[in-house]
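Colleague: I am new to this model and would like a close look at one part of it. Please take me through the aromatic rings and their surroundings, with the cut-offs explained as you go.

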Amino acid sequence: MSALPLAVPRRRGRGVRHTLDVRVSPYAYVAPFFLLFCAFGLFPLVYTAWVSLHEWTLLEEEQTFVGLDNFATLLTDGYFWNAAFNTLSIGVLSTAPQLLLAIWLAHLLNRPMRFQTLFRVSLLLPNVTSVVAVVVIFSQLFGRDYGVINWVLSWFGAGAIDWAAGTATSHVALSTMIMWRWTGYNALIFLAAMQAVPKELYEAATLDGASSFTQLRRITVPMIRPTIVFVVIVSTIGAMQIIAEPLLFGASSGVGGGAVSGGPDRQYQTLALFVYEQGFTKFDFGYASAASWLMFLAVVLVAGINFLLTRRLKGGLG
């Protein structure tokens with residue numbers, strides 16, 4: 001009888017420790033991520049907003065508070081809107097065909113075939129290749145005088161195209177580079193989602209006489225819709241932040257006007273390249289920070305629109 005009162009406090013102590021472990025430990029596990037996010041994500045974002053409200057340059061010791069003047073100037077800057085158009089154009093030309101091709105490749109690799117693992121692994125090779133090597137090779141392919149693309153087009157009577165000089169042609173060249181790098185990566189994401197689709201659905205559709213394309217449209221796409229939404233949003237965010245491809249393309253193509261400016265007519269300068277030019281060429285960090293914040297808002301807006309559109313296509317995809 002004397003041992004019973006001692007057991008009650010022990011059980012209570014264990015119950016408190018168990019409650020703390022269940023309720024507190026999950027927050028402790030995710031705390032490192034949020035600490036790193038605050039240090040390298042949230043703080044730079046807030047500090048950039050503060051810098052954007054100042055005339056902040058490395059050429060002067062004092063930073064004058066100007067309020068929203070940088071944003072007002074930016075909205076009337078033709079170079080900024082030109083960069084926004086280029087970003088949207090390259091993003092659409094690269095993202096839409098890329099996602100369609102990725103779904104098609106994933107559908108092919110999801111079917112029984114020989115050397116399936118080899119083909120799946122090979123899809124990642126373009127993604128792990130250095131972006132510098134990719135741009136240099138594609139710049140040679142799209143060369144005006146000795147490029148392979150112009151050589152092939154000459155078979156059909158087309159003249160030599162200066163791909164880097166024109167707006168439309170440079171956008172096509174850059175979109176091709178981006179598609180080559182990321183199509184395989186997105187195809188593997190779609191393939192992973194397709195692996196979770198019940199095989200019985202395909203077997204029943206085959207017995208009903210459904211073709212491979214019908215199965216893709218009626219079964220695969222509706223079943224992997226959440227993955228499609230995720231890939232569309234991530235690809236859109238990536239397309240809005242393109243900088244390496246146009247920067248290196250301008251440096252290796254030999255077109256005058258400077259690589260940072262995106263050609264002599266700024267025909268392929270993107271928003272990220274515009275921010276880089278303002279911040280690290282002209283050292284106008286206040287103006288560059290304002291452009292960065294408008295770019296951030298544009299990314300959020302475009303990603304939100306894509307999310308709503310893909311959600312509204314739910315009935316049509318089914």
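Modeller: Here is a walk through the aromatic rings, with a little background before and a few neighbouring details after.

This is a predicted model, in which local features need pLDDT of at least 70 and side-chain atom pairs count only at pLDDT 80 or more, while totals for chains, interfaces and linings use all residues. Residues are numbered from 1 along each chain as its sequence is written, and side-chain values use heavy atoms, with hydrogens and water left out.

To set the scene, the protein has 15 helices and two strands. Helices (H or I, at least four residues) and strands (E, at least two) are DSSP runs, numbered from the N terminus. Of its 318 residues, 36% are buried; buried means under 20% relative accessible area, exposed means over 50%, and partly exposed lies in between, using a 1.4 Å probe and protein chains only. The accessible surface, from the Shrake-Rupley method with a 1.4 Å probe and with only the protein chains shown as cover for residues, is about 19,000 Å², and carbon and sulfur atoms hold 70% of that.

Now to the rings. A pair of aromatic rings is described by the distance of the centres and the angle of the planes. Rings of Phe, Tyr and Trp (its six-membered ring) pair if their centres lie within 6.5 Å; planes under 30 degrees apart count as stacked, over 60 as edge-to-face and the rest as tilted. This rule gives 17 aromatic pairs. One of them joins Phe80 and Phe274, an edge-to-face pair with 5.9 Å between centres and 65° between the planes. This pair links distant parts of the chain, since Phe80 belongs to helix α3 (residues 78-109) and Phe274 to helix α13 (residues 271-280), 194 residues apart. Phe80 is buried because its relative accessible area is 6%, and Phe274 is buried too, at 0%.

Another edge-to-face pair is Phe280 with Phe285, at 5.9 Å centre to centre and 90° between the planes. Here Phe280 is exposed, with a relative accessible area of 53%, whereas Phe285 is partly exposed at 24%.

The rings also gather in a group: Phe80, Trp81, Phe274 and Tyr287 make up one aromatic cluster.

A charge meets a ring at Tyr79, where the charged end of Arg266 sits over the ring, 3.9 Å from its centre. A charge sits over a ring if NZ of Lys or CZ of Arg is within 6 Å of the ring centre and within 35 degrees of the ring normal. Arg266 lies in the loop between α12 and α13, and it counts as buried because its relative accessibility is 12%. Its backbone deserves a glance as well. Most residues other than glycine have a negative phi, and most peptide bonds are trans. Arg266, though not a glycine, has a positive phi near 55°.

Phe283 likewise has a positive phi, about 55°, without being a glycine. You will find Phe283 in the loop between α13 and α14 (285-312), partly exposed at 34% relative accessible area.

Phe283 leads on to Trp56, which sits in the loop between β1 (54-55) and β2 (64-65). Trp56 is buried because its relative accessibility is 18%. Contact means heavy atoms within 4.5 Å, and, leaving aside neighbours within four places in sequence, Trp56 has contacts that include Tyr47, Trp50, Phe283 and Phe285. The C-alpha atoms of Trp56 and Ser289 are 9.3 Å apart, although 233 residues separate them along the chain.

Trp104, in helix α3, is partly exposed at 45%. Its C-alpha atom is 9.4 Å from that of Phe190, which is 86 residues away along the chain.

Finally, a word on helix α3 and the record. An unreviewed UniProt entry places the feature "transmembrane region" at several spans, among them residues 27-50 and 79-106; UniProt positions follow the numbering used here, feature names are shortened, and annotations may be inferred rather than shown by experiment. In the model, residues 79-106 are 100% helix and 0% strand, with end C-alpha atoms 40 Å apart. Residues 27-50 are 100% helix and 0% strand, and their end C-alpha atoms lie 30 Å apart.
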